[in-house]
Amino acid sequence: MLKPMQMQDNLANRERRAASLSLMVGVLLSIIKFGAYIMTGSAVVFSDALESIVNVLASGFALYAIILAHTPADRDHPYGHGKIEFLAAGFEGGMIVFAALIILWEAVQKLMQRHGVNKLGLGLLLIAATGMVNGITGFYLIRMGRRSGSITLEADGKHLLTDFVTTMVVLASLGLIWLSGLNWIDPVAAILIAVYLFWTAKGLLRHSAAGLMDEQDRDDDSRIRRILDSHLAPAGKSPQICSYHKLRHRHSGRYHWIDFHIMVPAHWNIQQSHNVASAIEYEIELALGEGNATAHVEPCQDSDCPAFDAPELKIATHGSG
């Protein structure tokens, strides 16, 4: 059976391989797509090719972020390096916005110049091949990111799926131009892709800002409160507490940090109070995965409190405190 440290190392290695795969795929597809753009002169193919360049830059940053995120906490970074993953997602969102602006400018120029499209057959073939590769890679990265809790891999996967969607639009546009001979479809489709990219970037930037600003995760909050509520006297499970307050929690990448105050009978000794706090901390950490929970113990002076005569928890249970 693997130890926790070995499991973490295996997870880190899998994430690095996934990020490296994304980078290599991005470089290869960028070369193919720009080749297709040079052949066709299509604004919509240009939009797809430019997004691939963004994929390469974002994948490179993602690889660096994943390596840094798995670096153990140190004296200068006692909370670890996990927040680099939020920064990586923000960088990717910013690059998508930049690409969308360039695509929009290029499309408007093509629309005004009434520029034609060349070698549609070969262009369709190249773009279709890159689209399939992007779709498969994107689904793989999202699945890997969700299994490991890596926002970086998930963001990179979503970006590749965005690229897959734009590639489908490119194929549909080139097919319509081929059948109808209406060249104005090309820049109009590129404008639609730019709008779609803006919408995608908004979600990534919103998620990145929420993590960097320590926004409370509603799902985490509900899960933690359910655990704390389950220990409230008189009907709660052992160990029982009088009440709790000042619950706060945040993410550092995939890592959770939780702190809260619990009220226990004032006549309890330090060891008994510590045992109760440690047991609840450990239960919360198990529920959330990677994380650290810290309980601050306060005395309850109310002799009528249902937990006043609660049985002592004599053995500490794997707590973080």
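**Cysteines, strands and a surface patch**

A search of the whole structure, which is a predicted model, finds 0 disulfides. Cys300 is a good place to look more closely: the nearest cysteine sulfur belongs to Cys242 and is 3.8 Å away. A disulfide would need the two sulfur atoms within 2.5 Å, so Cys300 is not counted as being in one. Both cysteines sit under cover. Cys242 counts as buried because its relative accessibility is 15%, and Cys300 is buried too, with a relative accessible area of 10%.

From here, let's turn to the strands. Strand β2 covers residues 255–265, and 9 of its 11 residues are buried, so the rest of the structure largely encloses this strand. What does β2 pair with? Strand β1 (residues 243–252) runs antiparallel to β2 and is joined to it by 8 bridges. Strand β3 (residues 291–300) runs parallel to β2, and 10 bridges join these two.

You can follow the pairing through three histidines. His261 in β2 stands opposite His245, and His261 also stands opposite His296 in β3. To get from β2 to β3, the chain passes through helix α8 (residues 270–288), making a right-handed β-α-β crossover.

Finally, take a look at the surface. Leu111, Leu182, Trp184, Val188 and Leu192 make a nonpolar patch of about 460 Å². One of them, Leu111, lies in helix α3, which spans residues 84–113. Is Leu111 buried or exposed? With a relative accessible area of 37%, Leu111 falls in between and counts as partly exposed. Patch residues need over 30% relative accessible area, so Leu111 meets that cut-off.

Technical notes
Residues numbered from 1 in each chain as written. Predicted model: local features only at pLDDT ≥ 70, side-chain atom pairs only at ≥ 80, totals over all residues. Heavy atoms only, no water. Patch = residues over 30% accessible without salt bridge, like charges linked within 9 Å, V, L, I, M, F, W, Y side chains within 5 Å. Areas by Shrake-Rupley, 256 points an atom, 1.4 Å probe, with all protein chains shown as cover. Salt bridge = Lys/Arg side-chain N within 4 Å of Asp/Glu carboxyl O. Helix = DSSP H or I, 4+ residues; strand = E, 2+ residues; numbered from the N terminus. Buried < 20%, exposed > 50% of the residue type's maximum accessible area, 1.4 Å probe, protein only. Pairing = 2+ DSSP bridges. Right-handed = clockwise from strand over helix to strand, strands pointing away.
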